Amino acid sequence: AATGSPPPTFPASTPSARGHDGGPLDNLLQAIHTVLSRIPDTLIAIVARFSIAAVFWKSGQTKIDGLAIDIVEGTFTWGWPRLSESALALFQDEYKLPVLPPDLAALAAAGAEHLFPLLILFGLATRLSAMALLVMTLTIQIFVYPSAYPVHGVWAAVLLFLMARTPGGPITKEIKPAAAIAWKRIGFGEVLRGGRPIELYD
């Protein structure tokens with residue numbers, strides 16, 4: 001500015017611009033935002049694990065006879081599992097895959113829908129199990145039920161969340177039903193990679 005010109009003036013800050021002093025509504029929204037931002041990642045992970053495991057486990061249960069386990073409904077039928085005739089018929093008539101024969105596809109689907117949900121639920125090989133179920137989800141979306149993309153999108157989002165904890169990234173503390181010891185070591189001790197401590201995030 002030229003010499004002698006008046007100093008620049010700025011508009012006075014309004015209550016809404018100051019955030020916390022914007023009145024009851026702004027204060028309420030800020031309080032809600034604060035509470036929601038404190039939702040622990042551990043809670044999200046537990047809900048994600050249980051929910052996606054339940055989806056695929058219950059689907060797998062419809063494909064077998066002789067073994068029925070539902071801890072929520074309290075259903076327990078112990079026996080040697082075998083592929084149901086209805087499942088085989090379903091893969092012959094409706095779930096037609098371009099490569100696998102119906103009997104092998106039905107058996108593979110039933111096995112995967114029991115094995116991988118258990119691994120995810122107990123925190124064992126979570127990323128690989130989630131990736132396997134994501135491949136199944138994409139297969140169903142492309143070859144079986146293309147119109148069910150809203151449901152499959154939700155499944156994919158949960159599975160991608162479980163897969164996103166890459167070994168090369170920061171470690172996130174998470175309670176896994178079968179990993180209480182790991183929680184203590186991360187919570188109270190140093191985690192090293194290549195002899196150097198890794199930054200931890202809650």
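## Starting at Ile142

Let's begin with one residue: Ile142 lies in helix α6. This is a predicted model, so keep that in mind as we look around. Ile142 is exposed, because its relative accessible area is 56% and anything over 50% counts as exposed. Follow the chain to Leu97, 45 residues away from Ile142 in sequence, and the two C-alpha atoms turn out to be separated by 9.9 Å.

## The chain as a whole

Stepping back, the chain has 202 residues, and 26% of them are buried. Its secondary structure consists of eight helices and eight strands. Take the contacts between residues at least 6 apart in sequence: 50% of these join residues at least 24 apart.

## How far to trust it

The mean pLDDT of the chain is 81, with 71% of residues at 70 or more. Confidence peaks in helix α7 (residues 149-163), where the mean is 96. It bottoms out in strand β5 (residues 171-172), with a mean of 44. Over residues 166-173 the pLDDT is below 50, and the model gives this stretch 23 contacts beyond near neighbours in sequence.

There is another stretch to treat with care. Across residues 178-186 the pLDDT stays under 50, and here the model has 11 contacts beyond four places in sequence.

## Helices α6 and α7

Back to the helix that holds Ile142. Two packed helices are described by the angle between their axes and the distance between the axes. For α6 (residues 126-144) and α7, the angle is about 165 degrees and the axes are 9 Å apart. That angle makes α6 roughly antiparallel to α7, since the cut-off for that label is over 145 degrees. Their crossing is left-handed.

Who does the touching? On the α6 side the residues are Thr126, Arg127, Ala130, Met131, Leu133, Leu134, Thr137, Ile140 and Gln141. Across from them, α7 brings in Tyr149, His152, Trp155, Ala156, Leu159, Leu160, Leu162 and Met163. Sorted by class, the contact of α6 with α7 has 12 nonpolar residues, four polar and one charged.

## Helices α3 and α5

Helix α3 (residues 41-61) packs with α5: their axes come within 8 Å and cross at roughly 160 degrees. α3 and α5 are therefore roughly antiparallel to each other, and α3 passes α5 in a left-handed crossing.

From α3, the contact draws on Arg49, Phe50, Ile52, Ala53, Phe56, Trp57, Ser59, Gly60 and Gln61. They meet Glu113, His114, Pro117, Leu118, Ile120 and Leu121 of α5. The contact of α3 with α5 counts nine nonpolar residues, four polar and two charged.

## Helices α4 and α5

Helix α5 (residues 102-121) has a contact with helix α4 (residues 85-93) too; these axes come within 8 Å and cross at roughly 120 degrees. So α4 and α5 are oblique to each other, because 120 degrees falls outside the 65 to 115 range for roughly perpendicular and is not over 145. The crossing of α4 and α5 is right-handed.

Here α4 supplies Ala87, Leu88, Phe91 and Gln92, while α5 supplies Pro102, Asp103, Ala105, Ala106 and Ala109. By class, the contact of α4 with α5 has seven nonpolar residues, one polar and one charged.

## Two residues in loops

Ser84 sits in the loop between β4 (82-83) and α4. Is Ser84 buried or exposed? Ser84 is buried, because its relative accessible area is 4% and the limit for buried is under 20%. Leaving aside residues up to four places away in sequence, Ser84 touches Thr62, Lys63, Ile64 and Asp65. Ser84 and Leu107 are 23 residues apart in sequence, with a C-alpha to C-alpha distance of 9.5 Å.

Ala125 is in the loop between α5 and α6. Its phi is near 50 degrees, a positive value in a residue other than glycine. With a relative accessible area of 43%, Ala125 is partly exposed.

Definitions and conventions. Residues numbered from 1 in each chain as written. Predicted model: local features only at pLDDT ≥ 70, side-chain atom pairs only at ≥ 80, totals over all residues. Heavy atoms only, no water. pLDDT = per-residue confidence, 0-100. Helix = DSSP H or I, 4+ residues; strand = E, 2+ residues; numbered from the N terminus. Contact = heavy atoms within 4.5 Å. Axes fitted to C-alpha atoms, helices over the stretch in contact; angles between N-to-C directions. Parallel < 35°, antiparallel > 145°, perpendicular 65-115°, else oblique. Left-handed = near helix turned anticlockwise from the far one by under 90°. Nonpolar A, V, L, I, M, F, W, Y, C, P; charged D, E, K, R; others polar. Buried < 20%, exposed > 50% of the residue type's maximum accessible area, 1.4 Å probe, protein only.
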